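Please open the structure in your viewer and keep the selection tool at hand. The tour proceeds by selections, each followed by a description of what is there.

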Amino acid sequence: MSATFALRAEDVRKTFGHFTALAGVTLDVKRGEFLTLFGRNGAGKTTFLKIAATLMRATHGKLWIEGIDIREQPEETRRHIGFLSHNTYLYRDLNPVENLRFFAQLYGVSNAEERIRSLLDRVGLKRRASDPVRAFSRGLHQRVGIARVMLHEPSLILLDEPYTGLDANAAETLTTMLQENVAAGRTVILTTHDLEQGLRSATRAAIIDRGKIVFAAPGNDPTVREAYDQFIRVGLTR
Amino acid sequence: MKAIWSIIFKDVVVELRNKETLSAMIMFAILILVIFSFAFESSGVDKNAIAPGCLWVAFSFAAILGLNRSLAKELDNECLQGLLLAPLSRGELYIAKVAGNFIFMLVAELVILPLFVVINNLKFDLQLLKVTGIGFLGMLAIASVGTILSVLSSATRMKEVMQPVLQIPLTIPVVICAVEATAGLLIPDYGENSSWLSILAGFTIVYLAVSYLLFEFAVED
C-alpha cells in the first residue's frame, strides 16, 4: 500500500446490530493534509475516527494508516496516531506532568521530561503543572488532552470536536499547533460541526452524511459552503 | 514490558492518592468476618469448621468490590480508551491490569488474614504462612477472571450488579478448591490438601490463559 497516504479507507462499514453507523466510507488522505470532516450528529464522524484509531473494529472494509494495515499491525499503527475525543483520557488523581509522563512511558517517548515541560508551557499550563487534573475545568482538561495527543509526535493527528470547551485563547493555540504540525509534514483529520472553525486551517474538507462521504473538495473551494448548507444545515430539518 | 510496569505503577500511584479500592476492600472483608463471627457465636457451631469458608467469602466479595472500584477509575474520563490507544497489545494491557488488581488483592489479604486469626482464636504459625500462599493462588485466579469480567460488565447498564452476577458462578470452583485447601491446613484431621491445591493451580492457569486470549474481544467497543 502506497505510503504517500497518511490514511486510506476502502469501503469501511460499521453496523451496531441493525443500525448502520458507516455505510461504506472510501477516503484517501495524503501526508501533510489537513482534512476537516463535517457532519451532523450521528453522521458517523466519531465512528470513523474510532475505527481509524483502532478503538473500534470495522464490520467490513480495509483501512491503512501510513501504509500499515490497521487490522494486521494494530500496535504499530497506534504509534503513528494521536487521538483526541470529547474525553481527554486523563487520570483525575494525577497532575498534568504525571499524566503526560505516564503516556510518554507507554509510547516510549525519549527526552520525555523536556517534551512535557515544553508542551505544558505551550498549552498555558506550566503554572498548574502540579495541580491534580480533578481540579481543572473542562477547558483546562482539554488543554492537557492536547498536550497528550502531541506528546509522541504522531504523524497522524485525529481530533474529534477538539474545540469543545476551549476558550478563545486555547482554541487559537490549538489551531496554531495544528498548523505547525501540518507544516512539519504531519497529517490532521478533524471533525467538527462548526464551518468557520473547521475551514480555518483545512487544506481539504469532506462531508459525511448517513455513514458515507458525500462531498470532498479543497478547503478553500467555495462549493464547501454550499455543500455544508445542503447536507448539514438543511439536514437538520430533514 | 516497560509499558506493563508503567500501567502497574500508575495504578499503584492512583490508589495511593485516593485509597478508594483498598480501604473499601479491607473494610468490607472485615465486616464480613465480624458478621459471620457474631452470627455463629451462639449457635454452637464449631467456628474452626466454618472459618475457611468465612475467610474465602470475605476474600471473594472484597475482590469483587476491588475489581469494581479498579475499573471505575479506568472508566472515569474514559481512561481505558487512552490505554487502548497506546502501542501495546491487548494481551499486555490485560497482564498489566491483572497484575495491578492482584497487587491490591494481596495487600488486602495481608491485612485481612491477621484479623481472621484473631477473630477465630487461631495461632500465628507456619500454617498461616501456607494459608497465605493458598490465598495468593486463589486471588490470582479471581483477579485473572475478574479483570476481564469487569470490562465485560462495564458495557452493560447495571455494571455494579453484573460484575458479581458473572464472577461468582465462574469463581465457585476456585473458592471450593481454596476452602478445601485452607480447611486442610486449619482443621486438624481434615485430610490432605495437596490435590485441592493442584486443582486450584490448574484453574488459575486456565483462567489466566483463556482471559488473556479473550481480552481483545472484551475491550472491543
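The tour below visits the sheet of one chain, then a helix of the other, and finally the contact between the two chains.

Please bear in mind throughout that this is a predicted model.

**The sheet of chain A**

Begin by selecting the strands S2, S1, S4 and S5 of chain A, which in that order form an open sheet of four strands with antiparallel pairing. Which strands stand at the edges? They are S2 (residues 19-30) and S5 of chain A; each has a single partner strand, so one side of each is left without a neighbour in the sheet.

Next, select strand S1 (residues 5-16) and strand S4 (residues 60-65) of chain A, which pair in the antiparallel sense over five bridges. Within this pairing, look at A:Arg8, whose bridge partner in S4(A) is A:Trp64. A:Trp64 also stands opposite A:Asp69 in S5(A).

Now add strand S5 (residues 68-69) of chain A to the selection; S4(A) and S5(A) are joined in the antiparallel sense by two bridges. These two strands form a hairpin with two residues between them. In the turn, select A:Glu66, which has a positive phi of about 50 degrees.

To see what lies against the sheet, select helix H1 (residues 45-52) of chain A. This helix packs on the sheet and touches S1, S2 and S4 of chain A. The direction of H1(A) makes about 120 degrees with that of S1(A).

**A helix of chain B**

Turn to chain B and select helix H3 (residues 47-75). How far apart are the end C-alpha atoms of this helix? They are 41 Å apart, and this agrees with the expected span of 42 Å, because the 29 residues of H3(B) are reckoned at 1.5 Å a residue. H3(B) is mostly covered, with 21 of its 29 residues buried. Just after H3(B), select B:Asn77, which takes a positive phi of about 60 degrees.

**Where the chains meet**

Finally, display both chains together: 22 residues of chain B are in contact with 22 residues of chain A. On the side of chain B that touches chain A, helix H1 (2-18) and helix H4 (79-84) of chain B each supply at least two residues. The largest share, eight residues, comes from H1(B). Colouring this side of chain B by class shows nine nonpolar, six polar and seven charged residues.

Key: Residues are numbered from 1 along each chain as its sequence is written. Chains are lettered from A and ligands numbered from 1 in the order in which they are written. This is a predicted model: local features need pLDDT of at least 70, side-chain atom pairs count only at pLDDT 80 or more; totals for chains, interfaces and linings use all residues. Two residues are in contact if their C-beta atoms, placed from the backbone, lie within 7 Å. Ala, Val, Leu, Ile, Met, Phe, Trp, Tyr, Cys and Pro count as nonpolar, Asp, Glu, Lys and Arg as charged, and the others, Gly among them, as polar. The expected span of a helix is 1.5 Å times one less than its number of residues. A residue is buried if 20 or more other C-beta atoms lie within 10 Å of its own, exposed if 12 or fewer, and partly exposed in between; C-beta atoms are placed from the backbone. Two strands pair if DSSP finds at least two bridges between them. Axes are lines fitted to C-alpha atoms, for helices over the stretch in contact, and angles run from 0 to 180 degrees between N-to-C directions.
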